[in-house]
Amino acid sequence: MVNLDRRQFIVAGGLGAGALALMLAGCSRTSAQKPSSAPATAAGAISWWDQFQPLQKLEESTFAAYGKAHSGASVKHTVYDPNNMGSALQLAQQSNQLPDVFTNVFGVPDMVLVQRKWVAPIDLTAASKRMIGSDFLLPGLHVFDGKIFSFPMFSFRQHSTLTYFDKDAVEKAGGDPEKGPATWDEFRSLAHGITKAGGGDMYGWIEGLTLTDRIRAHIVDLAIGAGAELSLVSNSADSPGVADVKTGDYVFDSSPFVDSFEFLKSLVKDGSMFPSSTSLDVRTARARWAAGSSGLFLDGSWNVGVLKTQFADSVAKSGVTNLPTPEGKAKISNGPAGGVFWISAESANPGTASGILNTFATPEYARGLAENMDQPPSDLDVVKKADVPALYKQSVSLMADSVTLAPSAIVKNPNVAAVLAEMQQIRPTLGEIAQGYLGGNISNIKSALTDYSSKLSTERDRAIKAVSSKGSKTSLNDWVFKDYKAGTDYDASKYKS
Amino acid sequence: MTVARLGTPRNHKTQGRRRTLIWVQVVLLAVVAIIWIYPLLWTFSASLKDTQDIFSSGLNLIPQIFHWDNYARAWNQAGFSQYMLNSVVVTLSSVAVVVMRCATAGYVLGRYRFYGKKVVFAVLLGTMFIPTGLSIIPIVELSDLLGLLNTQVGLILALSAGGNVAAVLLYAGFYAQIPKELEDAAMVDGAGFFRTFFSVMLPLSGPITATVTVVTFVATWSNFFVPLVFTFSDPSKRTLAVGMLAFQGTNSTDWSGLAAGATMSLIPVLLVFILLQRYFVEGIAGAVKS
Amino acid sequence: MTVQASLTPAARASASGPKPQDRLGKKIWRDRWVYLFLLPTVVLFGAYSVWPTISSLYYSLLDWTGLGQARPFVGLANYGQAFGDPLFWKSLGVTMLIIIVTVPVRVFLALVLALFLNNPRLPFVRLLRTAFFVPVVATTAIIGIVMNFIFDPAGGPVNSMLASLGVQPIDFLGSSSTALWTVMGVHVWKWLGLTLMYWLAALQTVPNDLYEAAQIDGAGKRQTFFGITIPMLAPFIVIISLLTVVETMQIFDLVQTMTGGGPFFSTLVTEVYIYQQAFATPHPEYGYASAMGVLLGIVTMLIVGTYLLLSRIASKRKAIQ
């Protein structure tokens with residue numbers, strides 16, 4: 001080493017360079033290394049991503065049962081935090097590593113997955129199709145070019161604005177602990193009463209506002225409850241997919257919406273909202289409510305599932321009623337339920353993926369869903385027979401009786417999905433406006449909403465033009481449903497007429 | 001203060017006063033330190049509670065019932081035993097790569113004049129300011145091209161091969177200050193370039209290496225996106241930071257499991273800090289003199 | 001040819017200087033060891049830092065969602081969009097404010113602490129150092145959750161303390177007027193230990209013999225501190241604050257988990273906004289996110305450049321005096 005001469009130096013350098021060259025030559029694109037021997041139909045190992053933590057055990061036992069029946073089939077299951085799963089999927093797509101089965105949390109409409117050829121059709125058995133029901137397999141949402149790419153597993157008869165309440169707190173504040181609040185006024189005075197009785201330890205209402213999608217969903221639900229007649233492209237659609245049913249316009253500045261905003265604001269003004277709600281995520285807000293930081297909490301039926309596993313004591317202490325409305329009569333509508341799982345077009349084992357997905361369309365699995373108390377399964381009767389707390393049964397039956405099917409522009413014309421994909425996000429979004437208004441950053445809600453609606457309309461007009469110029473026929477007329485009657489289901493047969 | 005130790009005690013009276021002063025300092029610092037780590041004490045206590053207890057007991061640090069099973073759950077069920085091993089392997093390798101790469105580059109940049117030096121400096125500084133968040137996609141493309149995606153080597157390279165400009169500059173600054181006599185002495189002993197560096201210079205730079213090690217260790221240990229992307233197809237290769245994902249679902253968080261995981265992932269980094277901290281305080285000055 | 005002859009320590013080279021007749025190839029051959037030492041950096045740093053930087057520059061010129069193959073070239077359109085985007089400017093303002101407030105606080109507080117904790121005779125000194133370092137290594141995911149309790153307006157420790165002083169509860173994280181200050185406080189709390197470590201390392205470069213000499217000259221404690229310690233540390237102030245500025249420019253994790261940029265954009269730092277545009281949106285715009293990343297880099301460079309210039313002027317003026 002001391003007197004390393006020229007020759008040694010060259011050898012040393014050459015070794016390094018050689019190693020580098022070898023490395024470069026010896027390797028090939030990771031993404032090109034596809035298992036070549038596995039025939040497409042044989043059972044094999046697949047990867048599976050979703051965000052359904054409460055369903056993890058159910059899913060994994062289903063996977064295990066399938067693996068037992070089909071030797072060689074196995075699933076690498078990853079449950080993601082939904083906040084991270086979107087970016088994970090995006091990066092996976094970038095690097096050609098999409099899992100064999102995934103949920104669409106890309107944020108793009110499902111149709112885009114099909115258009116970009118990222119997903120493959122599911123091979124559904126006749127029994128599965130019967131179980132799902134042909135009325136619920138819709139063009140533009142599940143069926144593309146006559147092929148089934150995904151199917152709904154949860155009922156559209158649901159929303160995320162049920163009122164859960166602490167019975168004791170409601171009673172102390174002078175409310176009926178069996179009924180809870182029905183009207184906006186009742187909700188408001190109850191929240192105020194609970195806050196007063198709480199003496200700084202308990203507030204009337206808690207909400208997790210950090211993730212603004214959630215408050216957007218509440219606002220849309222409340223507005224429908226207040227009489228807005230809307231079309232929704234799918235179950236709890238983002239605001240670009242929510243329009244007036246008769247004109248197709250964006251009407252976020254109409255009085256049902258403005259009133260809903262003002263209703264929530266009145267809770268803030270009264271000091272009934274748990275103070276740090278704007279910085280809580282929903283999961284924490286739910287836990288704080290269960291632990292007694294507030295008396296009222298707006299949520300979907302999955303709330304009971306979480307309570308059961310993490311706050312078992314509070315199931316018995318809690319009551320549920322439908323979302324508050326101005327008059328106390330909850331009538332609400334929701335868009336058709338979208339597909340849940342998608343099979344990657346790159347999957348080496350689409351057979352296994354389809355096989356397992358078929359077992360998800362069975363009565364046994366629906367029962368499993370009901371027992372895990374997440375979103376209600378498509379077949380609501382299963383819940384009645386399931387061994388679950390009354391609180392869950394009541395949540396589901398409240399929604400079964402009050403939620404009807406709204407028309408969907410995507411089902412009317414699948415090209416609408418392309419328009420939605422083309423539209424740039426308008427910020428502040430509806431949820432961000434809510435955050436700003438409740439937090440005191442926006443004072444004139446009406447003008448903020450008018451501004452938002454008109455920007456959204458302009459952007460939609462541009463997107464419609466852009467999509468039409470590429471040869472896909474679509475127009476504002478796709479968003480208009482003159483024959484819609486509020487309170488009735490706009491089912492598959494209506495689109496044909 | 002630092003300089004307090006320099007004066008030699010003149011008599012017992014001042015010595016006594018000094019001792020009192022030092023204990024006053026300790027008590028004050030200890031009070032601040034306890035407030036400082038309170039949030040982490042809370043984390044530790046949460047890791048021993050059940051969810052209901054976390055949310056209802058508020059500030060009370062002592063759990064009603066000690067739930068050591070949270071640790072068992074994180075360690076076995078959530079796969080933390082495997083993740084811990086992965087994290088250790090990946091982080092140690094990354095630290096080794098960073099130290100070698102930055103020390104060698106810092107050495108020649110700090111001590112030598114050569115053709116192209118200015119260009120190297122300019123490029124190093126130029127890339128220092130571009131936010132690193134967006135480099136993930138090109139790095140993934142590159143790794144894919146080299147066939148390194150989904151491999152541990154690829155992950156280690158992605159974590160250690162880029163960035164760390166500050167480390168290079170630290171080494172360069174340090175080596176530039178070392179008196180030439182030291183090198184001459186080594187050469188008189190017959191040491192060449194290689195040996196001078198590895199047996200004289202690198203050991204001298206212990207404090208810098210300690211600093212770079214700790215900073216790299218912390219950054220690598222807690223990096224989320226890079227290990228996430230490199231373990232998509234093989235969850236068993238995940239690191240602790242990615243493994244934390246498992247505790248947060250759509251509707252609920254496993255708070256106590258998360259707290260147990262966070263506490264466990266804290267320990268190795270703390271050990272590194274405790275082991276290396278003497279270098280921050282008993283380092284260069286003495287070494288340079290001798 | 002021996003290796004010794006090819007050694008060119010800076011000191012020696014500046015004394016003799018390269019002879020003009022030296023040809024480039026010869027020079028390079030003479031310095032081959034130097035290049036061998038640079039090789040890992042050139043290869044690795046080139047591939048994993050320079051290349052991604054160039055890629056980002058290229059992406060910033062594309063209309064690309066970050067998904068799929070369609071990515072038409074649009075020139076500087078993304079930059080134009082950034083200049084007209086109020087949220088981008090808002091985010092830069094928030095980032096700047098965080099830098100202006102937290103960097104001096106961090107650098108100064110850490111120095112004061114380091115001066116105390118540099119004394120090896122201080123009892124429990126290692127334990128104390130470790131305590132101040134722990135937050136640096138704590139997982140951000142858990143910090144977001146813990147801080148929600150610490151700053152809880154209904155019975156959290158901070159508000160309980162304030163209440164005992166007769167102050168009304170403050171909604172630290174939930175109100176848009178206080179959220180940013182709270183995030184800054186937590187940011188300083190989390191990272192102070194790192195700056196402390198830099199200072200502890202820097203303090204070691206003050207040679208002991210200087211102190212010994214001062215003592216022989218009969219200098220008092222205060223004199224030694226202001227006459228020796230502070231001047232010796234001066235160059236480090238520049239380096240450490242620069243490192244801190246660059247690090248703070250890229251503040252992301254903590255804000256993302258604590259507030260997600262809210263309430264109502266009050267804590268929207270540029271990195272969070274870039275992340276939102278690139279990943280967390282129904283309509284990802286990777287090209288646009290890249291353009292904002294490049295702009296953020298340019299702004300950082302400008303700040304650092306100005307700072308270096310000012311500190312150079314200041315030190316020159318001092319030298320003249």
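Q: Two strands pair if DSSP finds at least two bridges between them, so which residue of S2(A) is the bridge partner of A:Ser47?
A: Quick setup: this is a predicted model, with local features needing pLDDT of at least 70, side-chain atom pairs counted only at pLDDT 80 or more, and all residues used in totals for chains, interfaces and linings. Residues are numbered from 1 along each chain as its sequence is written, while chains are lettered from A and ligands numbered from 1 in the order in which they are written. Strand S1 (residues 45-50) of chain A runs parallel to S2(A), and six bridges join the two. In S2(A), the residue bridged to A:Ser47 is A:Lys76.

Q: Which are the edge strands of the open sheet S2-S1-S3-S14-S4 of chain A?
A: Helices (H or I, at least four residues) and strands (E, at least two) are DSSP runs, numbered from the N terminus. Five strands of chain A form this open sheet, with mixed pairing, in the order S2-S1-S3-S14-S4. An edge strand pairs on one side only, and here that goes for S2 (74-79) and S4 (119-120) of chain A.

Q: And which strands sit at the edges of the open sheet S8-S11-S7-S12 of chain A?
A: This open sheet has four strands of chain A in the order S8-S11-S7-S12, and its pairing is mixed. The ones that pair on one side only are strand S8 (203-206) and strand S12 (318-321) of chain A.

Q: What is the bridge partner of A:Thr163 in S12(A)?
A: Start from strand S7 (residues 162-166) of chain A, which pairs with S12(A) in the antiparallel sense. Four bridges make up that pairing. On the S12(A) side, A:Thr163 has as its bridge partner A:Thr321.

Q: How many residues of domain 2 of chain A are in contact with domain 1 of chain A?
A: The bounds come from an automatic or database domain assignment, which for chain A gives domain 1 as 6-151 + 338-377 and domain 2 as 158-337 + 399-497. Taken over C-alpha atoms, the centres of these two domains of chain A are 31 Å apart. Contact here means C-beta atoms, placed from the backbone, within 7 Å. By that test, 16 residues of domain 1 of chain A meet a set from domain 2 of chain A that numbers 21 residues.

Q: What distance separates the centres of the two domains of chain B?
A: Chain B is split into domain 1 (2-46) and domain 2 (79-289). With the centres of both domains of chain B taken over C-alpha atoms, the separation is 33 Å.

Q: Which helix gives the largest share of the side of chain C that touches chain B?
A: Chain C puts 90 residues into its contact with chain B, and chain B puts in 79 residues. On the chain C side, the largest share is 17 residues, and it comes from helix H4 (residues 32-59) of chain C.

Q: How many residues does H4(C) give to the side of chain C that touches chain A?
A: The contact between chains C and A takes 32 residues from chain C and 38 residues from chain A. H4(C) again supplies the largest share of the chain C side. Against chain A, that share is three residues.

Q: Which residues does B:Tyr171 touch, not counting residues up to four places away in sequence?
A: Leaving out those sequence neighbours, three of the partners are B:Ser205, B:Ile208 and B:Cys102. The rest of the list is B:Ala103, B:Gly106, B:Tyr107 and B:Gly110.

Conventions. Contact = placed C-beta atoms within 7 Å. Pairing = 2+ DSSP bridges.
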